[in-house]
Amino acid sequence: MVPLLLLLACSDEEPTRERPDLTPVDDTPWTAEPPSPTWSAAQVEAVLQAAIDGGVPEPIAIRDAYLGLFDDHADGVCPSGTDYSLPGDYQACTTEDGAVFYGHAEYEPVDNTHERGFYLLGDCYIIDPDGDRFEGAGELQVTIFEEGDWTIVESMVMGTWGYPAAGGFLEQDNASAMFIIASTEASGSDLYLDGTMGNADAALSFELLVDTRPCDHQLTGTVSVREPSGYWHTITFVQDCDGCGDVVFADDQELGQICVDPTPLVEGPMAALVGEATQ
């Protein structure tokens, strides 16, 4: 190595290196043209209605399924956590009647002078003696505030939850990042959905207010439905009492109007949260 260095030092010619050409070939911003929609407006309507009928994930049904499995199958030895929590040693145990509890979960009820509700954190599964599996991977929270005859319930459903034996939206695993607010007073109730939900059948995004005061279910806001191409159909409702809204694909392709029956939103998450508040 030393002789080579000396040779280079004595040379009159400096070593040359080729420099890459960094001149941009084309600086025009790249844009993607969305494809034509895979679904018609009628297909969007059918998918959205089926998703609404199947149920929007809400925390009360999940909480009740979770606690019910403890009440029906925990035997004092399995699981070994305290109250309705799982210890998190990630070693499954089997109860006397054949239920399996595995993982980590924390359940904390809240009841004080300022608020009521509960919190559930799960990274667990529970298999009942019939073989139905409760899947819990995420967080639930419900907080109830009361002032006079006005009650507001703030809640969230995060992560993946499912338990076929419970029926409804829990029949298949649902992945959600949803904030749900229900309020009720003498004149009526309303429900606000903000977030996303997805299962094997559909992926939806909500920014929607359902108000029972002007009519059975006045809709204001948007619901977006993702089609197989990966692009979204957005349905916009403008204080509509008939469940009808205009569909736009990929933000700029108008497909017309569709109408859905939002009754399951009133009888599902709204009724569950209002019912929890009035207990």
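Let's start at one pair of residues: leucine 193 stands opposite leucine 208, which belongs to strand E9. This is a predicted model, and that pair is a handy way into its strands. Leucine 193 falls within strand E8, which covers residues 188-198, and E9 covers residues 203-211. The two strands run antiparallel and are joined by nine bridges. To pass from E8 to E9, the chain makes a hairpin through four residues.

Now look to the other side of E8. Strand E7, residues 174-185, is also antiparallel to E8, and 11 bridges join the two. The hairpin from E7 to E8 goes through two residues. If you would like a pair to click on here, try alanine 177, whose bridge partner in E8 is threonine 196. How enclosed is strand E8 by the rest of the structure? Eight of its 11 residues are buried, so E8 is largely enclosed.

Two residues help to place these strands in their surroundings. Threonine 184 lies in strand E7. Its relative accessible area is 14%, so it counts as buried, the cut-off being under 20%. The side chain of threonine 184 makes a polar contact of 2.8 Å with the side chain of serine 189. Setting aside neighbours within four places in sequence, threonine 184 is in contact with Asp149, Trp150, Thr151, Ser189 and Val274. Of these, Ser189 falls in E8, while Val274 belongs to helix H4, to which we will return.

The second residue is aspartate 173, in the loop between strand E6 (150-162) and E7. Is aspartate 173 buried, partly exposed or exposed? Its relative accessibility is 41%, so it counts as partly exposed. Leaving out residues up to four places away in sequence, aspartate 173 touches Glu135, Thr160, Trp161, Gly162, Gly198 and Asn199. Glycine 198 is 25 residues from aspartate 173 in sequence, yet their C-alpha atoms are 8.7 Å apart in space.

Helix H4 is our next stop, spanning residues 263-277. At 1.5 Å a residue, its 15 residues should span 21 Å, and the C-alpha atoms at its ends are 20 Å apart, which agrees. Even so, H4 has a kink of about 40°, centred on alanine 271. Which residues of H4 are buried? They are Leu265, Pro269, Met270, Ala272, Leu273, Val274, Glu276 and Ala277. Val274 is the H4 residue we met among the contacts of threonine 184.

Let's move to an earlier part of the chain. Threonine 95 sits in the loop between strand E2 (93-94) and strand E3 (100-111). With a relative accessibility of 5%, threonine 95 counts as buried, loop residue or not. Its side chain is joined to that of aspartate 97 by a polar contact of 2.5 Å. Apart from residues up to four places away in sequence, threonine 95 touches His73, Ala74, Asp75, Cys78 and Phe101. Proline 79 is 16 residues from threonine 95 in sequence, and their C-alpha atoms are 7.6 Å apart.

Proline 79 brings us to some backbone details. Most residues other than glycine have a negative phi, and most peptide bonds are trans. The peptide bond from cysteine 78 to proline 79 is cis, with omega near 0°. Proline 79 is in the loop between helix H3 (59-73) and strand E1 (86-87). Tyrosine 90, in the loop between E1 and E2, has a positive phi of about 55° although it is not a glycine. At 38% relative accessible area, tyrosine 90 is partly exposed. Aspartate 251 also has a positive phi, near 75°, and is found in the loop between strand E12 (244-249) and strand E13 (253-259). Its relative accessible area is 74%, so aspartate 251 is exposed.

Finally, step back to the whole protein. Its secondary structure comes to four helices and 13 strands. Of its 279 residues, 42% are buried. The protein exposes about 15,400 Å², with carbon and sulfur atoms supplying 50% of that area. Among contacts between residues at least 6 apart in sequence, 44% join residues at least 24 apart.

Conventions: Residues numbered from 1 in each chain as written. Predicted model: local features only at pLDDT ≥ 70, side-chain atom pairs only at ≥ 80, totals over all residues. Heavy atoms only, no water. Buried < 20%, exposed > 50% of the residue type's maximum accessible area, 1.4 Å probe, protein only. Pairing = 2+ DSSP bridges. Contact = heavy atoms within 4.5 Å. Areas by Shrake-Rupley, 256 points an atom, 1.4 Å probe, with all protein chains shown as cover. Expected span 1.5 Å × (residues − 1). Bend = angle between axes of the 7 residues up to and from the residue. Polar contact = N/O pair within 3.5 Å; in protein donor to acceptor, adjacent residues only side chain to side chain.
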